[in-house]
Amino acid sequence: MIYNIPYIAVVCLILVGLYALIFKRNLIKMIIGVTLIESGVNLFLITLGYRKGSIAPIYTNSPGGIMALPVPQALTLTSIVIGVAVLALMLSLVIHIYRHYGTLDVKKVGRLKE
Amino acid sequence: MNIPNYAPALIVAVPLLGAFLTPLIGRINDKLRNIFVILILGINSIIVGLLAYNIFTKSTTGSPKIWTYVFGGKQEVTSPVVRIMFEVDAMSIFMAIIASILLFVVVIYSWAFMKENTGLDKYYTLILLLASGMLGMMLTGDMFNFFVFLEITSISSAALVAFWTHKGESVEAGFKYILVSTIGALFVLFAIAILYGQYDALNIAVLSNAIQYTFLDKVALILLIAALAMKAGLVPLHMWLPDSYSRAPATVTVALVGATLASLYGVLRIVFTLYGNTLEVITKQIEFLNADILVSNMIGWFVIVLAICSIIVGVMMALRQTDFKRLIAFAAVAEIGYMFLGIGTKLASVGFDTTNSIIHAEYGITALEGGIFHIINDALDVGLLFLVAGAIYYTTKNWSLNEMGGLARNMKYTTIFFAIGLLAVAGMPPFNGFASKLMIYESTFQLNPILAIVAILCSILILATFVKVFHSAFMGPALPKFKDVKEVPKSMLFAMGIIACIIIFIGLFPNIMLENIVRPAAEALTNNAQYLKMVIGVI
């Protein structure tokens with residue numbers, strides 16, 4: 001059971017993120033929802049590569065024993081870097097939206113567009 | 001002609017390198033930068049062409065050719081496959097040809113169209129980044145690498161959609177696009193993680209060989225298809241598409257058509273290659289029906305229903321638009337529906353014979369060929385229409401059809417190009433849309449006549465919509481405010497001319513395209529055993 005906690009956390013993070021995306025009207029809160037989903041996916045990747053009692057996968061400096069799988073960690077790093085780029089782009093677009101419409105409320109932005 | 005085996009890597013690397021050189025060259029001179037970008041994409045198109053020539057000539061004689069390139073190591077594929085591989089088969093290179101035609105046309109068109117804008121260094125950098133992302137998605141053979149290229153494509157195209165930051169609407173459309181694509185891409189990554197956790201592999205061929213179709217695999221399949229269909233703009237996940245298509249500059253829209261088709265390619269790859277083996281197999285896992293149900297058939301009918309919805313929604317929404325580009329965007333949704341109709345018919349055409357073994361209906365192959373053929377036709381037709389819309393915006397600074405009229409008097413070449421585009425997109429005989437749509441009608445009629453009837457009726461409605469546009473924009477009395485309107489600059493006419501020539505060529509000789517390019521592509525997609533054998537040596 002205790003080993004399933006990360007997976008439960010993954011599901012919770014993704015669900016909270018989806019909730020924020022669907023029900024929140026503030027653009028910044030929607031972005032927070034996206035980052036929560038991203039953290040959930042990253043946690044899932046990291047958890048996949050971890051075994052109980054494993055150490056960091058540095059082959060040349062290994063004291064012996066099980067090592068964590070390095071591939072998911074590499075994937076997660078890439079995913080984090082991409083996430084930062086996406087986050088920066090989304091926030092900069094939100095700044096522009098705020099300058100044009102003077103509000104961050106999704107519904108009001110949609111109404112002003114007409 | 002012999003080309004080095006790292007040609008697929010070059011196709012991605014050349015635009016990527018060019019993207020970061022563009023701002024430096026832009027410091028020297030604006031014209032030099034434009035020439036440089038055209039040169040980069042020209043070189044890229046030549047490499048794509050050579051690679052395509054190599055793959056298609058060898059695929060017609062004997063076994064289909066698949067070009068593999070292993071990054072950073074020996075070229076032999078060793079087990080387990082740990083390195084990133086590019087796996088280029090006839091289908092990938094077919095998509096790459098479409099993407100390079102569109103991008104090349106876009107940069108030529110941009111020369112005059114974007115001239116009055118500032119920040120063009122960034123614009124061209126983003127176009128080149130989009131190019132490398134799209135081509136990477138089409139050529140890669142690694143799931144995680146596919147995700148990375150998907151994200152490169154999304155980020156650069158979202159920034160391009162919001163390029164006119166002085167317009168609130170474009171910024172909003174850009175935000176919508178990045179939100180939708182990021183969520184889609186994150187679900188793709190989640191699905192990849194599920195597959196990696198089970199099979200310890202990221203390579204598409206290895207995964208395809210190992211896949212068991214467990215419950216988790218089904219979840220991964222649903223996540224992948226939903227996310228990629230969202231990015232391809234299939235109803236009911238099409239809500240972002242009209243906004244981004246209509247608010248972006250016309251050049252960006254044409255590049256976005258390419259990015260959408262790259263996602264469509266992802267769907268094809270996943271359904272036919274990644275899950276290709278399992279979908280063929282009879283599964284009796286649906287206990288409550290307790291019958292011989294083919295998974296492929298179920299997914300096929302699901303896709304067909306969504307495709308028909310896309311066609312109907314796209315056409316109906318297009319009928320009532322008054323915004324020129326929004327109208328074309330909804331027509332593009334309908335066209336996406338036609339492609340998925342072909343794909344769905346192929347999946348649903350699998351049946352049983354009397355001895356309870358699987359048989360493939362003949363019309364399934366025609367449907368898939370029609371669907372694949374329609375990809376290139378749609379890209380060209382919709383691309384041409386968007387370019388014409390851009391030309392009209394360039395001269396009138398207006399999107400609204402209600403305020404246009406009599407433009408044919410001043411812009412005769414643009415009018416001719418629009419007429420070609422409208423007849424082609426509606427599937428009229430001398431143009432390319434006819435050939436592929438006829439194949440789709442023919443094959444769907446054999447599956448279920450109602451599908452074919454709906455498809456034909458909607459095609460007629462598309463024609464009606466565009467004839468209305470043609471009349472309200474180009475015909476009618478000359479309006480005094482458009483008295484001084486002139487024909488668009490030569491570079492824009494040239495760009496539209498390239499597409500129009502290809503449209504007429506394919507329309508007059510569809511057999512050349514069909515037999516040399518489309519058929520090998522369809523074969524590469526369906527012949528999964530061959531793919532596995534060529535890539536990782538499993539028989």
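A residue counts as exposed if 12 or fewer other C-beta atoms lie within 10 Å of its own, and as buried if 20 or more do. The exercises below apply this and related criteria to a predicted model.

**Exercise 1.** Determine whether B:Lys483 is buried or exposed, and state where it is found.

*Solution.* Step 1: locate the residue. B:Lys483 lies in the loop of chain B between α17 (449–474) and α18 (490–508). Step 2: count its neighbours. There are 10 other C-beta atoms within 10 Å of B:Lys483. Step 3: compare with the cut-off. Because exposed residues have 12 or fewer such neighbours, B:Lys483 is exposed. As a further description, B:Lys483 and B:Leu103 are separated by 380 residues in sequence and by 33 Å in space, C-alpha to C-alpha.

**Exercise 2.** Classify B:Leu24 as buried or exposed.

*Solution.* Step 1: B:Leu24 belongs to helix α1 of chain B. Step 2: B:Leu24 has 11 C-beta neighbours inside 10 Å, so it counts as exposed. Step 3: for its position in space, the C-alpha atom of B:Leu24 is 26 Å from that of B:Ile101, which is 77 residues away along the chain.

**Exercise 3.** Describe how α1 and α4 of chain B are oriented to each other.

*Solution.* Step 1: helix α1 (residues 7–28) and helix α4 (residues 120–139) of chain B pack at an angle of about 170°, and their axes are 8 Å apart. Step 2: angles over 145 degrees count as roughly antiparallel; therefore α1(B) and α4(B) are roughly antiparallel to each other. Step 3: the residues in contact include B:Ile11 and B:Leu16 of α1(B), and B:Leu128 and B:Leu135 of α4(B). By class, this contact has 13 nonpolar, six polar and one charged residues.

**Exercise 4.** Repeat the analysis for α3 and α10 of chain B.

*Solution.* Step 1: helix α3 (residues 90–113) and helix α10 (residues 250–274) of chain B pack at about 170°, with axes 8 Å apart. Step 2: α3(B) and α10(B) are therefore roughly antiparallel. Step 3: among the contacting residues are B:Met95 and B:Leu102 of α3(B), and B:Val254 and B:Leu261 of α10(B). The contact of α3(B) with α10(B) comprises 18 nonpolar, three polar and no charged residues.

**Exercise 5.** State which helix gives the most to the side of chain A that touches chain B.

*Solution.* Step 1: the contact takes 24 residues from chain A and 24 residues from chain B. Step 2: in chain A, α2 (27–48), α3 (70–101) and α4 (106–113) each supply at least two residues of this side. Step 3: α3(A) gives the most, with 14 residues. Step 4: the residues of this side of chain A divide into 18 nonpolar, four polar and two charged.

Key
Residues are numbered from 1 along each chain as its sequence is written. Chains are lettered from A and ligands numbered from 1 in the order in which they are written. This is a predicted model: local features need pLDDT of at least 70, side-chain atom pairs count only at pLDDT 80 or more; totals for chains, interfaces and linings use all residues. Helices (H or I, at least four residues) and strands (E, at least two) are DSSP runs, numbered from the N terminus. Two residues are in contact if their C-beta atoms, placed from the backbone, lie within 7 Å. Ala, Val, Leu, Ile, Met, Phe, Trp, Tyr, Cys and Pro count as nonpolar, Asp, Glu, Lys and Arg as charged, and the others, Gly among them, as polar. Axes are lines fitted to C-alpha atoms, for helices over the stretch in contact, and angles run from 0 to 180 degrees between N-to-C directions. Angles under 35 degrees count as roughly parallel, over 145 as roughly antiparallel, 65 to 115 as roughly perpendicular and the rest as oblique.
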